[in-house]
Amino acid sequence: MQSSRIFIVGSGVVGAATGGGFREAGHDVTFIDINEARVSELKERGWDARTAIDLTDEPESLIFLTLPTPHEGHRYDLTAFTAGTASVGKALAGSAARHTVVVRSTVPPGTTEGLVKETLEENSGMVANEGFGLASNPEFLRAVSAAEDFANPWMTIIASRDPQNVERLREVLAPFGGELRTFSNPAEAEFIKCAHNIFNATKISFWNEMWLVAQKLGVDLDPIAATVARSAEGSINPEYGIRGGAPYGGVCLPKDTCGFLGFAANIDVDMPLLSAVVETNDRLAAIVSEEVDTATHAASHAQLRQAASGKETAAAVVNGQQQHEPA
C-alpha cells in the first residue's frame with residue numbers, strides 16, 4: 001500500500017485512534033489540536049503533533065475532521081467543529097496542492113454539504129470538489145477499544161459526490177478489512193452514523209424498561225433478554241423491520257404491544273418507550289391508509305391483480321404493513 005500524507009484535525013479519542021491506526025499502516029500522519037497539553041502528550045509518544053495546520057508546502061493530502069460535536073440540550077454544539085473547519089479552509093487557501101477534507105465526526109445529516117462546504121469555501125476561496133475534495137467517512141469506534149476498532153473495522157462507510165474522492169479513501173481504508181459501503185450523498189453516510197447510535201440507545205432503553213417490569217415481578221431479566229436476543233426475528237434477521245413507511249400489522253404485534261401496556265399498568269409500571277412504539281405505529285398506519293386509499297382508487301384492476309400475485313400478500317400490499325405471524 002502506498003503511503004499517504006494525512007492530517008488529523010482534532011486529536012481526542014477518535015482522532016488519536018484514527019491517526020494512530022494510519023501511522024501503524026505506514027502513512028505519514030500529523031495531528032492537529034488547539035489544546036497544547038494534548039499536543040505535548042502526543043509528542044511524548046513520538047507522534048508529529050501541532051497546534052495549527054499549515055499546508056503551504058504540503059503535497060496532496062487527506063485531512064480528517066475528528067473534531068468534537070457535543071450536545072447542548074437537544075442540539076449538537078458545533079462551535080468547536082466550525083472553528084476547526086474554518087482553520088482548515090484558511091490552510092487550503094495557502095496550498096497549491098489539491099487536498100481532500102473528510103468529515104469523520106458525528107454530525108447531523110446534511111452537515112458535510114452544508115456547514116462544512118460553506119465554511120471551507122468561504123475561508124479558502126475555492127469550490128468544493130474542484131479546488132479541494134470533500135467527503136464523509138463516519139467513525140464506528142467504541143471509546144474503550146477505539147484503536148482496536150479502527151485497526152479491525154466491521155463496517156466502513158465512504159460518501160462523496162466526486163467518485164475520485166471515494167476511490168482515494170477506498171485506497172487507504174480498504175486494507176484494514178471489514179465490509180466497505182460507498183454512497184454518493186454525504187448526508188446518507190451522516191444519517192447512517194446517527195441512526196446507528198440512536199438504534200443502540202433505543203435497544204438499551206428498551207431492555208431497561210423491561211428490567212423495570214422484571215423487577216416488579218421478581219424475575220431475573222438476564223436469561224430472558226439473552227433468550228429473546230436469539231429468538232426474536234428483529235434481532236437475528238438484519239432484513240426484518242427495516243422497510244420504512246410500513247407499520248407493523250398482523251395479529252401478534254398489535255395484540256401484544258397493547259396487551260403488555262395494559263399488563264404493565266396493572267402492576268404500576270410506566271412504559272413510555274412501548275407507549276411511543278404503539279403511538280408511532282398508529283400514526284404511520286393512518287398515514288399509509290390514507291395514501292393507499294388514494295392509490296387504490298386510481299389503480300386499475302390489472303395493477304391490483306399484479307400486486308396480489310407478487311411476493312407480498314394482497315392484504316399486505318393494500319394495508320402497507322410489515323406482518324409478523326406465528327410459525
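Biologist: What makes the pairing of Lys117 and Glu121 a salt bridge?

Modeller: In this predicted model, the side chains of Lys117 and Glu121 meet with 3.4 Å from N to O. A salt bridge requires a Lys or Arg side-chain nitrogen within 4 Å of a carboxyl oxygen of Asp or Glu. The value of 3.4 Å lies within that limit, so the pair is called a salt bridge. Side chains of opposite charge can pair when their charged atoms come close.

Biologist: Where do Lys117 and Glu121 lie?

Modeller: Both residues belong to helix 4, which covers residues 112–124. They are four residues apart, about one turn of the helix.

Biologist: Why is Lys117 called partly exposed?

Modeller: Its relative accessible area is 28%. Buried means under 20% and exposed means over 50%, with partly exposed in between. Because 28% falls between these limits, Lys117 is partly exposed.

Biologist: How do you know that Arg168 and Glu171 form a salt bridge, and what separates them in helix 6?

Modeller: Their side chains meet at 3.6 Å, N to O, and the cut-off is 4 Å, so the pair qualifies. Arg168 and Glu171 are three residues apart in helix 6, and therefore about one helical turn separates them. Arg168 has 17% relative accessibility and so counts as buried.

Biologist: How many salt bridges does the structure hold, and which parts of the chain does the pair Arg5 and Glu58 link?

Modeller: There are 16 salt bridges in the structure. In the one between Arg5 and Glu58, the closest N and O atoms are 2.9 Å apart. This pair links distant parts of the chain: Arg5 is in strand 1, whereas Glu58 is in the loop between strand 3 (48–50) and strand 4, and 53 residues separate them. Arg5 and Glu58 also belong to a network of salt bridges that includes Asp28.

Biologist: Are Arg5 and Glu58 buried or exposed, and how do you know?

Modeller: Arg5 has 9% relative accessibility and Glu58 has 16%. Buried means under 20%, so Arg5 counts as buried, and so does Glu58.

Biologist: How do you know whether the span of helix 1 agrees with its number of residues?

Modeller: Helix 1 has 12 residues, 13–24, and at 1.5 Å a residue it should span 16 Å. Its end C-alpha atoms are 16 Å apart, so the two values agree. Helix 1 is followed by Gly26, whose phi is positive, near 100°.

Biologist: Which residues of helix 1 are buried, and what do they pack against?

Modeller: The buried residues include Gly15, Ala16, Thr18 and Phe22. The elements packed against the buried residues of helix 1 include strand 1 (5–9), strand 2 (28–32), helix 2 (36–44) and helix 6 (163–173).

Biologist: What makes a group of residues a nonpolar core, and which residues have the most contacts inside the largest one?

Modeller: The members must be buried residues of nonpolar kinds, such as Leu, Ile and Phe, joined through side-chain atoms within 4.5 Å. The largest such core has 24 residues, and those with the most contacts inside it are Ile6, Phe22, Phe31, Leu62, Phe64 and Leu169. Among the elements that give two or more residues to this core are strand 1, helix 1 and strand 4. Helix 6 supplies the largest share, four residues. Another core, of 22 residues, lies apart from it and includes Leu67, Val116, Leu120 and Leu134. In soluble globular proteins, nonpolar side chains tend to be buried together.

Biologist: Which residues is Leu62 in contact with, beyond its neighbours within four places in sequence?

Modeller: Its contacts include Arg5, Ile6, Phe7, Arg168 and Leu169.

Biologist: Why is Asp149 called buried, and why is Glu148 called exposed?

Modeller: Asp149 lies in helix 5, and Glu148 is placed in helix 5. With a relative accessible area of 4%, under the 20% limit, Asp149 is therefore buried. Glu148 has 55% relative accessibility, over the 50% limit, and so counts as exposed. Leaving aside neighbours within four places in sequence, Asp149 is in contact with Phe140, Leu141, Arg142 and Trp154.

Biologist: What does the record say about residues 5–44 and 61–172?

Modeller: An unreviewed UniProt entry places the feature "domain: UDP-glucose/GDP-mannose dehydrogenase N-terminal" at these residues. Within the model, the span of residues 5–44 is 52% helix and 25% strand, and its end C-alpha atoms lie 21 Å apart.

Key: Residues are numbered from 1 along each chain as its sequence is written. This is a predicted model: local features need pLDDT of at least 70, side-chain atom pairs count only at pLDDT 80 or more; totals for chains, interfaces and linings use all residues. Side-chain values use heavy atoms; hydrogens and water are left out. UniProt positions are given in the numbering used here, feature names are shortened, and annotations may be inferred rather than shown by experiment. The expected span of a helix is 1.5 Å times one less than its number of residues. Buried means under 20% relative accessible area, exposed over 50%, partly exposed in between (1.4 Å probe, protein chains only). Contact means heavy atoms within 4.5 Å.
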